[in-house]
Amino acid sequence: MVLRWPKDYSDSEGIKIMELKVLAKDKVEKHGNLIIRPRIKVWMARAITIVVLWTSLVQLIALAELLGPSFLKGKPYCFSTPAVGKILAPAKVVLPPKRIYRNNGYLLVSCNGGLNQMRAAICDMVAIARHLNVTLIVPELDKASFWADSSDFKDIFDVEHFISSLRDEVRIIRQLPPRVKRRVEQGLFYSMPPISWSNISYYENQVLPLLLKHKVVHLNRTDTRLANNGLPTEIQNLRCRVNFNALRFTSQIEELGRRIVKVLREKGPFLALHLRYEMDMLAFSGCAHGCDSKEEEELTRMRYAYPGWKEKVINSEVKRKDGFCPLTPEETTLLLTALGIDHNVQIYIAAGEIYGGEKRMASLLGEFPNLVRKETLLEPSELMYFQNHSSQMAAVDYLVSLESDIFIPTYDGNMAKVVEGHRRFLGFKKTILLDRRLLVELMDQYSNGLLSWDEFSTAMKEAHAYRMGSPKRRVTIPDKPKEEDYFYANPQECLQLLDEPFKST
């Protein structure tokens, strides 16, 4: 067969068309009238060569990853995902489906008080927003109270988790839409403090009409604005869901808490003592037992300096005998010894600065030498970003208190109550709930020589034998919500009680 080059291939001298005689052993394939020319054959050979080379390279890379040699360290990223990326890749989070509803308006919330008072309030506000079918704006935290903490919601809680984990219940957004925000800036909204301990009907009849009229309602106080009892089960369950699931602390706070618990656990079991003998509590409550005259005057001045603390004239001793004062460090020492707490156990002080400092802590440290605090367990550099933010420091104490083998609050404030309820939810972890009225009476009898040590210790143990955070029903007192059991201290609707099946939340 003869193949001829095209005329375009002739040189400038007019070389005649070259003829190539193909040897018999060469094969030329015909497809109809198409004859494969040499340059097409060359192109195909190159393409096949490239494919073979790339295939070989890919196989070599796969073999290298399998056997582990490092001769391909410089390979491009597209060939393989780095090992670090594989380890740190977050697990896929399955979000609940969004709840679709007609929006009745926007609810702005300004929380007041300390961390745990605000925590409970946030749970209430979510439940109210859900019931009224409104959009909740991420709550604003208190920055003007005694603690003067500048922390925002996002500095303490995982705001993304808060929003996404509740999307099947209520729509929560970080800030108002621009159009609505302009209305608020022009004063076109309604601001009010809800009535304390209100039933859900109050919000249906009083707050919802305002939302429908003004589109934006601002609740400027949130502490205890929802009743403990008499609410629909779905509202009580939602309060629990927010508290125990949606309100997750930031990763930085949780990591710090884990670090402290790890250090404590390496040395054995530990007791968390919420020693609420702090200046603000003593000034607020008017409790000055054990203080000298100079300290008592200082506490009184502070109480009068804060207009929000309405009760000004307080008889400290009467209040103490009624069981309304936090225990002093000296009384706490007596209590722990009488209850038979091991003197070598680690005791984590879940509190701020103790009023009176080392002088007031001397007796407790003398009897229980393994007293520790955040500041003694961690390096200053580990706490420096939290140091001037009381709510963030309180969040760390909250986490450590949840993990402790025993939790003992010396005063039934907000942290004591909320931690108690959370420990119940975690399986009724041991929480010694003090009967301070009886406790003070027994202590005074012992101090006055009316009881021997054995009599005193036995009476203390008997008084608290059934006050260990075990399952029980909330005590309800109609028309006296302040005196009945607090919902967040014993959220029985969300707990598995001994005499009935568990109700999931």
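**Exercise 1.** In this predicted model, decide why the sulfur of Cys111 forms no bond with the closest cysteine sulfur.

*Solution.* Step 1: the closest cysteine sulfur to that of Cys111 lies in Cys123, 9.9 Å away. Step 2: a disulfide requires two cysteine sulfur atoms within 2.5 Å. Step 3: the sulfur of Cys111 is therefore too far from that of Cys123 for a bond.

Now take Cys123. Its closest cysteine sulfur belongs to Cys240, at 8.4 Å, which is also too far for a bond. Cys111 is buried, with a relative accessible area of 5%, and Cys123 is buried at 0%.

**Exercise 2.** Find how many disulfides the whole structure holds, and state which cysteines they join.

*Solution.* Step 1: a search of the whole structure gives two disulfides. Step 2: Cys240 bonds with Cys494, with 1.9 Å between the sulfur atoms. This pair links distant parts of the chain, 254 residues apart: Cys240 sits in helix H8 and Cys494 in the segment after H20. Step 3: Cys287 is joined to Cys325, S to S 2.0 Å. Here the separation is 38 residues, from the loop between H10 and H11 to the loop between H12 and H13. Step 4: counting bonded cysteines along the chain, the pattern is 1-4, 2-3.

**Exercise 3.** Determine the handedness of each disulfide from the torsion about its S-S bond.

*Solution.* Step 1: for Cys240 and Cys494 the value is 85°, and the link is right-handed. Step 2: for Cys287 and Cys325 the torsion is about -85°, so this disulfide is left-handed.

**Exercise 4.** Are Cys287 and Cys325 buried or exposed?

*Solution.* Cys287 is buried, and Cys325 is buried as well.

Notes. Residues are numbered from 1 along each chain as its sequence is written. This is a predicted model: local features need pLDDT of at least 70, side-chain atom pairs count only at pLDDT 80 or more; totals for chains, interfaces and linings use all residues. Side-chain values use heavy atoms; hydrogens and water are left out. Helices (H or I, at least four residues) and strands (E, at least two) are DSSP runs, numbered from the N terminus. Buried means under 20% relative accessible area, exposed over 50%, partly exposed in between (1.4 Å probe, protein chains only).
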